[in-house]
Amino acid sequence: MASERTLSIIKPDAVARGLIGEILRRFEAAGLRIAGAKLLHLSLEQARAFYAVHKERPFYPGLTEYMSAGPILVSILEGEGAIMKNREIMGATDPAKAAPGTIRREWGRDVEKNAVHGSDGPETAAWEIAFFFKPSDLHGNLKSEI
């Protein structure tokens, strides 16, 4: 697998419950590196713009209100097969259907408040990373190790 980048979001409820460190530890323990991170509070307009792909779906209003309800941690994870590795560590969207030991199974409350978000493919990852980060914000290095 090739080295790649993906976006990860630790959602408001997980931030409020003090889970940032434990969630990031899991990503790093799985061999993913953090190439950039920001703690921020989305406005409702920013949440609507980020989740615009879902604007016709019935869960969109609740999702955007929830994602703008408190601070989130956005990060760029990089490494071999980062997109799929991140998705495996997160688990299924529905915590009740997520595998034991995954972030969503352990800390997700329901489909919406499932603790984390992760890009679902390379094109989505590129768009999502650009939504939150400028190139100068990135500190990882896909080509060499320090």
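Two strands pair if DSSP finds at least two bridges between them. The exercises below apply this to a predicted model, beginning with its sheet and moving on to charged pairs, a helix, a loop residue and aromatic rings.

**Exercise 1. The sheet**

Work out in which order the strands of the open sheet stand, and which strands stand at the edges.

*Solution.* Step one is the order: 4 strands form an open sheet, arranged as S2-S3-S1-S4, and their pairing is antiparallel. Step two is the edges: strand S2 (33-40) and strand S4 (116-118) each have a single partner strand, so one side of each is left without a neighbour in the sheet. The twist from one strand to the next averages 20°.

Step three is to go through the pairs. S2 and S3 run antiparallel and are joined by 7 bridges, and here Arg33 stands opposite Glu78 in S3. S1 and S3, also described as antiparallel, are joined by 8 bridges, with Glu4 opposite Gly79 in S3. S1 and S4 pair in the antiparallel sense over 3 bridges, and the bridge partner of Ile9 in S4 is His117.

**Exercise 2. Two salt bridges across the sequence**

Find the salt-bridge partner of Glu78 and that of Arg26, and explain why each pair ties together parts that are apart in sequence.

*Solution.* The structure has a count of 7 salt bridges. In one of them the side chains of Glu78 and Arg5 meet, at 2.9 Å from N to O. Since Glu78 lies in strand S3 and Arg5 in strand S1, the pair ties together parts that are 73 residues apart in sequence. The accessibility of the partners can then be read: Glu78 is buried, with a relative accessible area of 1%, whereas Arg5 is partly exposed, with 23%.

The side chains of Arg26 and Glu106 also meet in a salt bridge, at 2.7 Å from N to O. Because Arg26 lies in helix H2 (residues 20-29) and Glu106 in helix H6, this pair ties together parts that are 80 residues apart in sequence. Arg26 has a relative accessible area of 16%; buried means under 20%, so Arg26 counts as buried. Glu106, at 39%, counts as partly exposed. A last step widens the view, for Glu22, Arg25, Arg26 and Glu106 are linked in a network of salt bridges.

**Exercise 3. A further charged pair**

State how far apart the closest N and O atoms of Arg17 and Asp13 are, and decide whether each residue is buried or partly exposed.

*Solution.* Arg17 forms a salt bridge with Asp13, and their closest N and O atoms are 2.6 Å apart. Arg17 counts as partly exposed at 31% relative accessibility, while Asp13 is buried, with a relative accessible area of 6%.

**Exercise 4. The buried side of helix H4**

List the buried residues of helix H4, explain why they lie on the same side of H4, and name what they pack against.

*Solution.* Helix H4 spans residues 60-67, and its buried residues are Tyr60, Leu63, Thr64, Tyr66 and Met67. They cover an arc of only 160° around the axis, which puts them on the same side of H4. The buried residues of H4 pack against strand S1 (3-10), helix H1 (12-16), helix H3 (44-50) and strand S3 (72-80).

**Exercise 5. A buried loop residue**

Locate Thr102, decide whether Thr102 is buried or exposed, and list the residues that Thr102 touches, not counting those up to four places away in sequence.

*Solution.* Thr102 sits in the loop between helix H5 (82-90) and helix H6 (103-107). Thr102 has 7% relative accessibility and therefore counts as buried. Leaving out residues up to four places away in sequence, Thr102 touches Arg26, Glu88, Ile89, Met90 and Gly91.

**Exercise 6. Aromatic rings**

Determine how many aromatic pairs the whole structure holds, and classify the pair of Phe131 and Phe132.

*Solution.* A search of the whole structure finds 6 aromatic pairs. The rings of Phe131 and Phe132 have their centres 4.9 Å apart and their planes at 75°; planes over 60 degrees apart count as edge-to-face, so this pair is edge-to-face. Phe131 is partly exposed, with a relative accessible area of 29%, whereas Phe132, at 8%, counts as buried. Ring pairs link both residues with Phe50, Tyr51 and Trp127 into a cluster.

Key:
Residues numbered from 1 in each chain as written. Predicted model: local features only at pLDDT ≥ 70, side-chain atom pairs only at ≥ 80, totals over all residues. Heavy atoms only, no water. Buried < 20%, exposed > 50% of the residue type's maximum accessible area, 1.4 Å probe, protein only. Helix = DSSP H or I, 4+ residues; strand = E, 2+ residues; numbered from the N terminus. Arc of directions from axis to C-beta. Contact = heavy atoms within 4.5 Å. Phe/Tyr/Trp six-rings, centres within 6.5 Å; stacked < 30°, edge-to-face > 60°. Axes fitted to C-alpha atoms, helices over the stretch in contact; angles between N-to-C directions. Salt bridge = Lys/Arg side-chain N within 4 Å of Asp/Glu carboxyl O.
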